[in-house]
Amino acid sequence: MSDTAVTSFINACQGPLGGAEILQGRTDSDRKEVKEWIERYEKDITPLAKALNDHLETRTYIVGHSITNADLWTFVKLHEQVGTMTRDGQLKRANLARWFDLIQHQAGALGHLSPVAIDLELPEFKPVSKEKVAAPAIGADEKKTKKANKKDAKAEEKKAKKEAAAVAAGAAAPAAPAAEAVAVTPAAAEGEAAKPAFNTQKKEKKVKAPKAPVAPVGPATPQPWQIDLRVGKILKVEKHPDADSLYVETVDIGEAEPRTVVSGLVKHIPIEEMENRWLVCVCNLKPAAMRGVKSFAMVLAATDESGKLELVDPPKGSKPGDKCYFGDWKEEKPEDVMNPKKKIWETIQPGLHTTAECRAAWKSDEGVVHVLKSEHGDCTVPSVVGAKIK
């Protein structure tokens with residue numbers, strides 16, 4: 001895609017997305033990062049798709065907490081490549097596909113760029129129904145044989161009855177001529193006895209098994225209680241072998257086995273301060289590899305406008321696995337794994353922030369603030385106020 005096309009697209013998006021200054025970045029550090037991102041891949045976009053997929057593992061946008069020129073520039077550059085991706089290709093780079101779908105919806109009118117269908121839903125399992133096996137057909141010759149045998153049996157039985165009746169009549173005539181005795185042959189008697197008695201009992205009706213309960217339908221719009229937030233404690237931390245900016249942490253979140261978590265915190269927190277650190281983790285994001293190491297959770301951190309970053313601390317007295325929740329949503333059950341297509345995290349994350357009292361909280365579209373807490377108290381940060389949490 002030519003630079004002219006990129007510039008034209010960015011200019012067209014400025015009005016609907018808040019203006020040129022907003023798209024350049026909200027802070028000095030954001031503006032610097034936007035510029036560095038574009039310069040890094042301006043001459044060669046070959047590694048861009050893979051790098052972006054890794055970069056977006058713990059981010060909604062490329063830079064900061066809102067859409068910038070880095071997103072729009074990258075969107076245009078990768079449009080053709082994403083447009084030719086198969087569904088398997090989208091699932092393989094799910095972070096990129098999820099981000100691409102978000103940007104194309106926010107950008108509104110795409111001008112000369114056609115919308116790309118993104119499908120990150122896993123196929124539903126459909127059990128194969130058991131087919132009834134038809135009974136084997138009886139041949140014509142076999143039918144004729146059975147019919148002939150039946151006819152011969154009836155004829156023999158009729159003949160035997162006549163002979164028995166004649167013998168009985170002759171023996172009984174002198175004693176009682178007026179009385180006609182009818183004798184039954186042993187064979188006939190046996191035949192009569194063999195006839196089954198009429199069954200007067202009614203057939204019992206089969207009791208139908210109760211239908212399985214229908215799974216409850218989720219909320220119409222994403223809600224903060226769908227995010228599984230838990231207290232974690234770092235048991236071990238080390239530098240990522242292939243990425244200077246990443247830590248690889250072993251975190252106890254109250255399960256049988258600790259989880260491996262990859263975090264981009266090297267530039268912000270010394271490794272000594274990460275050891276035995278208490279955290280609040282997002283535990284139901286889809287696991288994804290970051291530079292070859294699969295991460296199974298995400299650490300919550302708050303960053304203010306100056307770029308200062310602080311981890312969100314659970315309240316004192318917490319233990320690994322304690323549930324953290326917003327406001328009064330203590331009893332709500334979070335998703336087992338957040339479906340990337342529903343954009344639950346992407347919808348809720350922009351409202352995550354720190355209050356004037358350094359509490360972690362979520363602000364709804366109506367302006368209502370819900371503090372993040374556990375049964376032991378509120379989740380807080382040491383000092384950053386009005387900071388974005390991600």
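## Burial and overall make-up

Of the 390 residues in the protein chain of this predicted model, 39% count as buried, a term that means under 20% relative accessible area with a 1.4 Å probe and protein chains only. The chain holds eleven helices and 15 strands, taken as DSSP runs (H or I of at least four residues for helices, E of at least two for strands) and numbered from the N terminus.

Residues are numbered from 1 along each chain as its sequence is written. Because the model is predicted, local features need pLDDT of at least 70 and side-chain atom pairs count only at pLDDT 80 or more, while totals for chains, interfaces and linings use all residues.

## Nonpolar cores

The largest nonpolar core, a set of buried Ala, Val, Leu, Ile, Met, Phe, Trp, Tyr and Cys residues joined through side-chain atoms within 4.5 Å, has 38 residues, and Phe9, Trp37, Leu52, Leu72, Phe75 and Trp99 have the most contacts inside it. Two or more residues of this core come from each of α1 (3-14), α3 (28-41), α4 (48-55), α5 (69-83) and α7 (94-106). Another core lies apart from it, with 26 residues that include Leu229, Val231, Trp345 and Cys358.

## Packing of α4 and α7

The axes of α4 and α7, lines fitted to C-alpha atoms over the stretch in contact, come within 7 Å and cross at roughly 85°. The two helices are therefore roughly perpendicular, the class for angles of 65 to 115 degrees. Ala49, Leu52 and Asn53 of α4 meet Ala94, Asn95, Leu96 and Trp99 of α7, where contact means heavy atoms within 4.5 Å.

Definitions and conventions
Side-chain values use heavy atoms; hydrogens and water are left out. Buried means under 20% relative accessible area, exposed over 50%, partly exposed in between (1.4 Å probe, protein chains only). Axes are lines fitted to C-alpha atoms, for helices over the stretch in contact, and angles run from 0 to 180 degrees between N-to-C directions. Angles under 35 degrees count as roughly parallel, over 145 as roughly antiparallel, 65 to 115 as roughly perpendicular and the rest as oblique.
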